Structures are given as structure tokens and as C-alpha cells.
Amino acid sequence: ATGSALLFGNKGERFIAATVLAGNLMTLVIERVFGEGFAAFHSGYLLLDAGLAVLLCLIAVKYPSWLAILVAAFQINGTLAHLVKLLAFEVIPFSYAFLLKVWAWPMVLAMLAARTAKSMSAPLLARNWPPFARRT
């Protein structure tokens, strides 16, 4: 899905795909460097996911599409999972790890859907919002 968006997507989709791919690679680096799996809370995961959420939100504002909005929302959801683990110590480690492993799949499905349903972005692009967004 990411490769398809990188190769065949418009500018916004390429930025989204590059951000998601970079996030996946940086997550692997954090996991290898610190040697902790997803079951244990690590502030590096929270900081990375929060930064990616902000970046994806900025992309969604700059290049409005259903794909950008969905991927940014899924990223925010993943970031909130870290906050739940941080604030609720009684969260079962397996459930936290399961959430973090599974939450990315809707992002992949959204990127695949964007490749097959190009007309989904037409209603967003027909509006004149945000005023500073570039049309691609």
C-alpha cells in the first residue's frame, strides 16, 4: 500500500506514504536500540507517534483528502494508546502490545482504498478549504 502510494499517488499521498514508511522504520530502530518490545511502555514510542501524528495532521490540512484525514486519525488513535498505558498502570501488557501491533492495519487498508477509489477525494477538493491548501 505504501509503495503504491509512493509510486502512483498524488503529492499528498506520497507525503503520507513517506511519513508512514519513515515511522515504521524509526519504530524498528527504537525497538532495536532500546531492546524493548511493545508490551513495555517506552517514551520513545510516544514521542515518535506524537510527532508523526502532528506531521500527518499538517499533511491533511495542506493536501485535504479522505486518505490524509483517515491516516492522521488512525495515528492520533495510536498515540492515545500510549497515553492510556502511561496513565493507567493496570493495563495488561498484552492488550497494550496488541493495540500497537494492530492499529496500523486500518492505515494500510485506507491507503489501499485510496488507490482504488479516487473519487472519494472529489467532495473535499470541491470545497474551498483550507484556503492555503494546494490543489494537486
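Me: Before we look at Gln-75, what does contact mean here?
Reply: Happy to start there, and please keep in mind that this is a predicted model. Two residues are in contact when they have heavy atoms within 4.5 Å.

Me: With that in hand, which residues is Gln-75 in contact with, leaving aside its neighbours within four places in sequence?
Reply: Gln-75 lies in helix H4. Part of its surroundings comes from helix H3, residues 43-62. Leaving aside neighbours within four places in sequence, the contacts of Gln-75 are Asp-49, Leu-52, Ala-53, Leu-56, Trp-103 and Met-107.

Me: Is Gln-75 buried or exposed?
Reply: The cut-off for burial is under 20% relative accessible area. Gln-75 has a relative accessible area of 3%, so this residue is buried.

Me: Which backbone oxygen lies 3.2 Å from a polar atom of the side chain of Gln-75?
Reply: A polar contact needs N or O atoms within 3.5 Å. The side chain of Gln-75 has a polar atom 3.2 Å from a backbone oxygen, and that oxygen belongs to Asp-49.

Me: Let's step back to the fold: how many helices and strands are in the protein chain?
Reply: Read along the sequence, the pattern is α-α-α-α-α-α-α. Buried residues make up 38% of the 136 residues in the chain. Among contacts with a separation of 6 or more, 66% are between residues 24 or more positions apart. As for the count, the chain has zero strands and seven helices.

Me: Why does the distance between the end C-alpha atoms of helix H3 agree with its expected span?
Reply: Helix H3 has 20 residues, and at 1.5 Å a residue it should span 28 Å. The two values agree because the end C-alpha atoms of H3 are apart by 29 Å.

Me: What covers the buried residues of H3?
Reply: The buried residues of H3 include Gly-44, Leu-48, Asp-49, Leu-52, Leu-56 and Ile-59. Their cover includes helices H2 (11-34), H4 (66-87) and H6 (104-116).

Me: Which elements give two or more residues to the largest nonpolar core?
Reply: This core has 15 residues, and those touching the most other members are Ile-16, Val-20, Leu-56, Ile-59, Leu-67, Val-71 and Met-107. The elements giving two or more residues to this core are H2, H3, H4 and H6.

Me: Taking one of those core residues, is Met-107 buried or exposed, and which residues is Met-107 in contact with beyond four places in sequence?
Reply: Met-107 is found in helix H6. Its relative accessibility is 4%, so Met-107 counts as buried. Leaving aside neighbours within four places in sequence, its contacts are Val-20, Leu-56, Val-71, Phe-74 and Gln-75.

Me: Over in helix H2, which residues is Thr-19 in contact with, leaving aside neighbours within four places in sequence?
Reply: Thr-19 counts as buried because its relative accessibility is 9%. Its side chain reaches the backbone oxygen of Phe-15 at 2.7 Å. Leaving aside neighbours within four places in sequence, Thr-19 is in contact with Leu-52, Leu-55, Leu-56 and Ile-59.

Me: How many Å apart in space are Gly-23 and Leu-48, C-alpha to C-alpha?
Reply: Gly-23 is also a residue of helix H2, and its relative accessible area of 3% makes Gly-23 buried. Not counting residues up to four places away in sequence, Gly-23 touches Leu-52 and Leu-48. Gly-23 and Leu-48 are 25 residues apart in sequence, and their C-alpha separation in space is 7.4 Å.

Methods: Residues numbered from 1 in each chain as written. Predicted model: local features only at pLDDT ≥ 70, side-chain atom pairs only at ≥ 80, totals over all residues. Heavy atoms only, no water. Expected span 1.5 Å × (residues − 1). Buried < 20%, exposed > 50% of the residue type's maximum accessible area, 1.4 Å probe, protein only. Core = buried A, V, L, I, M, F, W, Y, C linked by side-chain atoms within 4.5 Å. Polar contact = N/O pair within 3.5 Å; in protein donor to acceptor, adjacent residues only side chain to side chain.
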